[in-house]
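This report walks through one protein model, sheet by sheet. Please keep the sequence and the structure in view while reading.

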Amino acid sequence: MQTSVIISVNKTANVTASNVYVKDVASVGCRDRKLRTRVEELPIYNFSDDKNTAVSTEIVIEAVSIAETIESRISEADVSIIGEVSVLVTKENRTSKSVLWKCFELFKIVFVCFCVFYGAAFTIMTFNSDVDIEEVFKLVYRYTGNSGKSKVLEISYAVGIFMGVSLFYNHFSKKKNKKDPTPLEIDIDQYSEDVATYKINNHYR
């Protein structure tokens with residue numbers, strides 16, 4: 001008698017070992033706990049058997065092939081598939097990096113931070129130049145009867161930009177005001193989704 005097994009396939013999966021098991025790429029649902037464990041521990045791919053492993057450590061596995069593998073090796077399993085139609089499996093290499101490589105990565109981080117900081121500063125300066133912010137301040141001082149020697153508006157404007165960015169991205173404090181992801185985290189997640197979709201769609205081309 002066959003037992004229903006539901007396989008919810010993920011879009012991406014990361015592994016460190018050569019063997020890829022069902023539990024690495026999908027969530028398994030089954031009333032029979034022993035059968036569910038057997039399905040989860042079932043190997044479906046081995047990177048060491050791939051001749052192209054030296055060139056690439058990524059493989060696309062179709063959900064249909066996962067179901068066929070399970071049913072061929074576990075006869076009492078009646079597999080139903082939900083979720084993604086394919087999963088992109090990436091084998092991570094966890095070999096220790098050399099000191100030179102770590103220094104190079106640190107240099108890249110510093111370089112990117114430098115570019116982002118001065119790029120943002122240049123953007124703000126060009127915006128201020130376009131709207132002629134200095135003339136705006138002069139008009140405000142004139143209408144309020146302030147001589148402008150105290151530079152209150154300039155200081156408030158500079159502090160306001162920093163506070164606005166800090167509160168908007170909500171990324172500078174360990175205790176965040178809310179648990180919502182930041183816009184940057186959303187963009188990074190969307191980029192990762194787009195990359196995975198592209199690799200899956202173009203894997204067999």
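## A helix across three strands

Helix α7 (residues 183-201) lies across β2, β6 and β8. Its direction makes about 105° with that of β8. The model is predicted.

## Overall make-up

The protein chain has 205 residues, and 22% of them count as buried. Its secondary structure comes to seven helices and eight strands.

The accessible surface of the protein chain is about 15,300 Å². Carbon and sulfur atoms hold 58% of that surface. Among contacts with a separation of 6 or more, 60% link residues 24 or more positions apart.

## The β2-β8-β6 sheet

Which strands form the sheet under α7, and in what order? Three strands form an open sheet, ordered β2-β8-β6, and the pairing is mixed. β2 (12-15) and β6 (58-62) stand at the edges. Each has a single partner strand, so one side of each is left without a neighbour in the sheet. From one strand to the next, the twist averages 25°.

The two pairings run in opposite senses: β2 and β8 are parallel, whereas β6 and β8 are antiparallel. Four bridges join β2 to β8. Within that pairing, Thr 12 has Leu 88 of β8 as its bridge partner. Five bridges join β6 to β8, which spans residues 86-91. Here Ile 61 has Val 87 as its bridge partner in β8. Glu 58 stands opposite Thr 90, also in β8.

## Cover on β8

Is β8 mostly covered or mostly open? It is mostly covered, with five of its six residues buried. Two helices lie across this strand. One is α7, which also lies across β2 and β6. The other is α3 (residues 63-73), which lies across β6 and β8. α3 runs at about 70° to β6.

After β8 comes a loop that leads to α4, and Asn 93 lies in this loop. Asn 93 is exposed, because its relative accessible area is 62%, over the 50% cut-off. The C-alpha atom of Asn 93 is separated by 9.0 Å from that of Val 15. These two residues are 78 residues apart along the chain.

## The β4-β1-β7 sheet

Another open sheet has three strands in the order β4-β1-β7, again with mixed pairing. Its edges are β4 (26-29) and β7 (77-83). Each edge strand has a single partner, so one side of each is left without a neighbour in the sheet. Neighbouring strands are turned by 25° against each other on average, direction ignored.

Strand β1 (residues 3-9) and β4 run antiparallel, joined by four bridges. In this pairing, the bridge partner of Ser 8 is Ser 27 of β4. Helix α3 packs on the sheet and touches β1 and β7. The direction of α3 makes about 165° with that of β7. Helix α2 (residues 33-40) lies across β1 and β4. α2 runs at about 40° to β1.

α3 thus has partners in both sheets: β6 and β8 in one, β1 and β7 in the other.

## Helix α4: a patch and a buried asparagine

Helix α4 covers residues 99-131, and Trp 101 is found in it. How exposed is Trp 101? Its relative accessibility is 40%, so Trp 101 counts as partly exposed. The cut-offs for that class are 20% and 50%.

Trp 101 also belongs to a nonpolar surface patch of about 630 Å². The other residues that make the patch are Phe 104, Phe 107, Phe 111, Val 112 and Val 116.

Asn 128 is found in α4 too. It is buried, because its relative accessible area is 16%, under the 20% cut-off. Which residues does Asn 128 touch, not counting those up to four places away in sequence? Asn 128 touches Ile 133 and Tyr 157.

The two asparagines described here therefore fall in opposite classes: Asn 93 is exposed, and Asn 128 is buried.

Note on methods: Residues are numbered from 1 along each chain as its sequence is written. This is a predicted model: local features need pLDDT of at least 70, side-chain atom pairs count only at pLDDT 80 or more; totals for chains, interfaces and linings use all residues. Side-chain values use heavy atoms; hydrogens and water are left out. Two strands pair if DSSP finds at least two bridges between them. Axes are lines fitted to C-alpha atoms, for helices over the stretch in contact, and angles run from 0 to 180 degrees between N-to-C directions. Contact means heavy atoms within 4.5 Å. Patches are made of residues with over 30% relative accessible area and no salt bridge: like charges are joined within 9 Å, nonpolar side chains (Val, Leu, Ile, Met, Phe, Trp, Tyr) within 5 Å. Accessible areas come from the Shrake-Rupley method with a 1.4 Å probe; for residues, only the protein chains shown count as cover. A salt bridge is a side-chain nitrogen of Lys or Arg within 4 Å of a carboxyl oxygen of Asp or Glu. Buried means under 20% relative accessible area, exposed over 50%, partly exposed in between (1.4 Å probe, protein chains only).
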